[in-house]
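Student: I have a structure to look at. Could you help me see how its descriptions are justified?

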Amino acid sequence: MDCSFNWQEIYNTAGPNMRPGGSVLTERALEICNLPTGSLVADIGCGGGGTLEYLMQAGLSQTIGLDYSEALLGEAASSMSRERLIRGSAEMLPFKEGSFDALFCECVVSILADRLGVLCELERVLKKGGYLIVSDVFNQDDSDRGKAEIASQKILIDGVLTKKFLLGVLNGLGFSLLLWEEYERLLREFVARMILAGQCLPELWRHRQGMNGKKADRPKISYFLLVARKRGTVFQSAVNKRESKSWMT
Amino acid sequence: MTEIAKCGSDKKWICNRCGVPLEVQKVRLQYLRVIFAHHLPACPKCGMILIDEELATGKMAEAEQALEDK
């Protein structure tokens with residue numbers, strides 16, 4: 001994980017929705033999923049709990065939040081029960097296979113080292129027919145140069161996600177894409193806010209600031225929202241009876 | 001110097017129009033349809049905001065660059 005910047009300070013500046021667009025993209029994703037009340041939903045990398053709070057306001061009370069930062073989990077605890085908040089890594093989720101009806105992973109994948117591993121973990125803990133909602137920064141350039149990086153798997157370690165890479169991996173994991181939308185403007189606004197507030201951003205985001213290298217060498221960074229559905233049986237979360245904490249390993 | 005002047009050796013700014021010391025306030029800055037909330041010295045009477053050179057050529061210029069289509 002990129003810990004070169006202060007998450008607590010970013011929380012203080014951006015509020016509980018510590019990412020471009022705030023809850024706007026969460027709302028957009030919910031329009032696509034139309035999750036029934038009673039769906040078990042997890043926010044992987046929940047930060048200060050902005051999405052969890054939004055989901056509860058939208059009538060989805062069965063929510064779990066996971067984050068690596070104890071401080072941010074403490075912030076999230078102000079709006080939901082602490083026992084629904086779990087400290088852990090997205091690269092090794094502490095949940096059973098097929099636990100969740102929907103997973104949110106907003107602005108998380110790009111800051112982790114093992115991106116392929118995270119996507120595999122998300123697939124593992126999602127039910128068949130469940131929804132995966134991911135938003136993050138990505139490189140708009142799917143040129144041959146990008147393909148070469150993907151082929152060498154360098155992009156899995158220190159590069160920037162590309163649409164082709166991400167959709168290719170998700171398809172291979174058994175997901176069907178329902179939505180892909182791009183929000184470059186929201187990324188620019190977020191970056192500008194953070195700069196003005198004096199916050200440090202992840203290194204790859206700084207490409208947008210024009211601070212790294214020659215203009216021609218900089219990746220074209222933008223922001224996406226995707227909704228994908230795990231192929232298989234349609235889930236029936238609303239009628240399922242669950243035992244307490246049945247999702248824990 | 002037009003509206004604002006430095007005040008003596010303590011380097012506090014005063015509003016040249018109103019004659020009162022500037023106070024740090026939460027102000028709204030707008031650029032390319034985006035509104036930013038920021039704490040800056042402002043006149044408590046007329047609302048005049050002071051943006052010093054360091055901010056204008058530093059973080060503010062950088063934020064503008066991030067917003068512009070280039």
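Student: Why are helix 2 of chain A and helix 3 of chain A called oblique to each other?
Tutor: This is a predicted model, and the angle is computed from it. The axes of the two helices cross at roughly 45 degrees. Under 35 degrees would count as roughly parallel, and 65 to 115 as roughly perpendicular. The value falls in neither range, so helix 2 of chain A and helix 3 of chain A are oblique.

Student: What else describes this pair?
Tutor: Two packed helices are described by the angle between their axes and the distance between the axes. Here the axes of helix 2 (residues 24–33) and helix 3 (residues 50–57) of chain A come within 10 Å. The crossing is right-handed.

Student: Which residues of helix 2 of chain A meet helix 3 of chain A?
Tutor: Thr26(A), Glu27(A) and Leu30(A) do. On the side of helix 3 of chain A, their partners are Thr51(A), Tyr54(A) and Leu55(A).

Student: What is the predictor's confidence in chain A?
Tutor: The mean pLDDT is 81, and 75% of the residues in chain A reach 70 or more. Over residues 151–158 of chain A, though, the pLDDT is below 50. That stretch still has 14 contacts beyond near neighbours in sequence. Residues 237–243 of chain A also have pLDDT below 50, with 13 such contacts.

Student: What makes up the pattern of chain B?
Tutor: Chain B has two helices and four strands. Along the sequence they read β-β-β-β-α-α.

Student: How much of chain B counts as buried?
Tutor: Buried means under 20% relative accessible area. In chain B, 29% of the 70 residues are buried.

How values were computed: Residues numbered from 1 in each chain as written. Chains lettered and ligands numbered in written order. Predicted model: local features only at pLDDT ≥ 70, side-chain atom pairs only at ≥ 80, totals over all residues. Heavy atoms only, no water. pLDDT = per-residue confidence, 0-100. Contact = heavy atoms within 4.5 Å. Buried < 20%, exposed > 50% of the residue type's maximum accessible area, 1.4 Å probe, protein only. Axes fitted to C-alpha atoms, helices over the stretch in contact; angles between N-to-C directions. Parallel < 35°, antiparallel > 145°, perpendicular 65-115°, else oblique. Left-handed = near helix turned anticlockwise from the far one by under 90°.
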